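Reader: I should like to go through this structure residue by residue and then as a whole. Please reason each reply through before naming the result.

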Amino acid sequence: MKLFRKLSPARIITLGFATVILTGACILMLPISVRDGQTLRFVDALFTATSAVCVTGLVVVDTYTVYTPFGQMIVALLIQIGGLGVTSVGVGFILAMRKKIDLKGRLIIRESMNLNSGKGMVGLVRSILLTTLCFESVGVILNFIVFSGDYPLPRAIGMSIFHSIATFNNAGFDIIGGMVNLIPYQKDVLLNLSTAGLILCGGIGFLVIQDIRKNRRWRKLQLHSKVVITVTLGLTVGGTLLLKLTQPGISWLGALFQSITSRTAGFATYSLGGFTHAALLVLCLLMFVGASPGSTGGGIKTSTVFVLLHSIKEAASQKPATAFHYRISRNAYYKASVVAALGVIVVGIGVFLMTIFEPRIPLSDVVFEIISAFSTTGLSTGITPDLSNASKILEICMMFTGRLGALTIVSLWTFRPEGNAMYPEGNIIVG
């Protein structure tokens, strides 16, 4: 307990995620989790557990074929814990037992949700749990309308629950079987739109949902909410148009769905292995941006891109950049630059290592796979099941880094400097 109190919030969160992943992998290795006649190696169980907790959706074994209903339930539980966040789940249990959250606990909540203030955090956690329950319940009903027409009642219910959890938490897992994802439902308007709607709701972030529910009018929304909604709409519309232009044969429904799901959800209604390089590049850009802060998704986040674009505008015009009648803080510029730079560095290292581990795989597929893992998206051109153990471990590290955030991972190795010495400011010529 003393050691726990000495750990920084970032280290506690990291340790919590790692513990859940390892526990999940061990449970998935049990005979009750694996179907008769199927063999499961620990590296594949660890990959599945990491992909679930990090709400990614990349798979090396088919979830329906390999895992029993119990194993599938464990995968869904891991997705739920990963989407809500280990901290939120833990706080939920504490609140259920009617115990108070101490100062250390509040600092951990603040760190895990990227909050600027510690006000109202317990209430926020309650709101997150209730919001998740409401959205996923609606998702179950809509999914059941579709799946009940194709599967027996027990399986249709199970698929509806699993798909709703995976969708709202932006994890591209499915239990249809055959590793076909949602391709059989390529033309099903209800499933496409309901899935896309849940992905968007899970991806804009709980803070934005709470703000919309509380204020309801655009002019009353907080700056953060306006930024997230604006960028989300821009990426959705822009991605849809670009995919329609660059991928021959894709429908408007398919382009819209892939534009939304590529921003960290990982569901696919088309085989991405047949996409043009231009279309894959569009998907890579959308994946790298990802969802929004405080959401179930990954990527460098929509608000980061918004701030970076405004920093470029300010540098070019030599005038302070404003957004929605607010001036953007210097701290926001600094943090956005660091997050984006770390994202590029991590992806670059990942691509370099995988090209060494998998020399026969085309570079375009490697880049797509690494960005998908880092952004916790889960889309793939089809190379994931055939990766070597070294590449699987690399992707596990990429997914873990992407879920926690590269900045959080880097902060694990920072220490308090001794003394308060101030050095003179030096001049460095940039650009």
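Reader: Which residues does K226 touch, not counting residues up to four places away in sequence?

Author: The model is a predicted one. K226 lies in helix α12, which spans residues 223-246. Setting aside residues up to four places away in sequence, the residues that K226 touches are W218, R219, L221 and F324.

Reader: K226 is buried; which side chain of opposite charge is nearest, and how far away is it?

Author: A salt bridge requires a side-chain nitrogen of Lys or Arg within 4 Å of a carboxyl oxygen of Asp or Glu. K226 has no salt bridge, although it is buried. Its nearest side chain of opposite charge is D211, at 8.4 Å.

Reader: W218 and F324 form a ring pair; are they stacked, tilted or edge-to-face?

Author: The structure holds 8 aromatic pairs. In the pair of W218 and F324, the ring centres are 5.9 Å apart and the planes stand at 75°. Planes over 60 degrees apart meet the criterion, so the pair of W218 and F324 is edge-to-face.

Reader: How many residues apart are W218 and F324 in the chain?

Author: W218 sits in the loop between α11 (206-215) and α12, whereas F324 sits in the loop between β1 (322-323) and β2 (326-327). The pair therefore links distant parts of the chain. The separation of W218 and F324 is 106 residues.

Reader: Is W218 buried, partly exposed or exposed?

Author: Buried means under 20% relative accessible area and exposed means over 50%. W218 has a relative accessible area of 41%, and its ring partner F324 has 28%. F324 counts as partly exposed, and W218 is likewise partly exposed.

Reader: Which helix gives the largest share of the largest nonpolar core?

Author: The largest nonpolar core has 101 residues, and I79, F147, F173, F275, F368 and I370 touch the most other members. The largest share of this core is 9 residues, and it comes from helix α14 (residues 277-289).

Reader: With which residues is F275 in contact, leaving aside neighbours within four places in sequence?

Author: F275 is among the core residues that touch the most other members. Leaving aside its neighbours within four places in sequence, F275 is in contact with Q247, I250, Y270, L280 and L283.

Reader: What percentage of the residues in the protein chain is buried?

Author: The protein chain has 19 helices and 2 strands. It comprises 431 residues, and the buried ones make up 53%.

Terms used: Residues are numbered from 1 along each chain as its sequence is written. This is a predicted model: local features need pLDDT of at least 70, side-chain atom pairs count only at pLDDT 80 or more; totals for chains, interfaces and linings use all residues. Side-chain values use heavy atoms; hydrogens and water are left out. Helices (H or I, at least four residues) and strands (E, at least two) are DSSP runs, numbered from the N terminus. Buried means under 20% relative accessible area, exposed over 50%, partly exposed in between (1.4 Å probe, protein chains only). Lys and Arg count as positive and Asp and Glu as negative; His and the chain ends are not counted. Contact means heavy atoms within 4.5 Å. A nonpolar core is a set of buried Ala, Val, Leu, Ile, Met, Phe, Trp, Tyr and Cys residues joined through side-chain atoms within 4.5 Å. Rings of Phe, Tyr and Trp (its six-membered ring) pair if their centres lie within 6.5 Å; planes under 30 degrees apart count as stacked, over 60 as edge-to-face and the rest as tilted.
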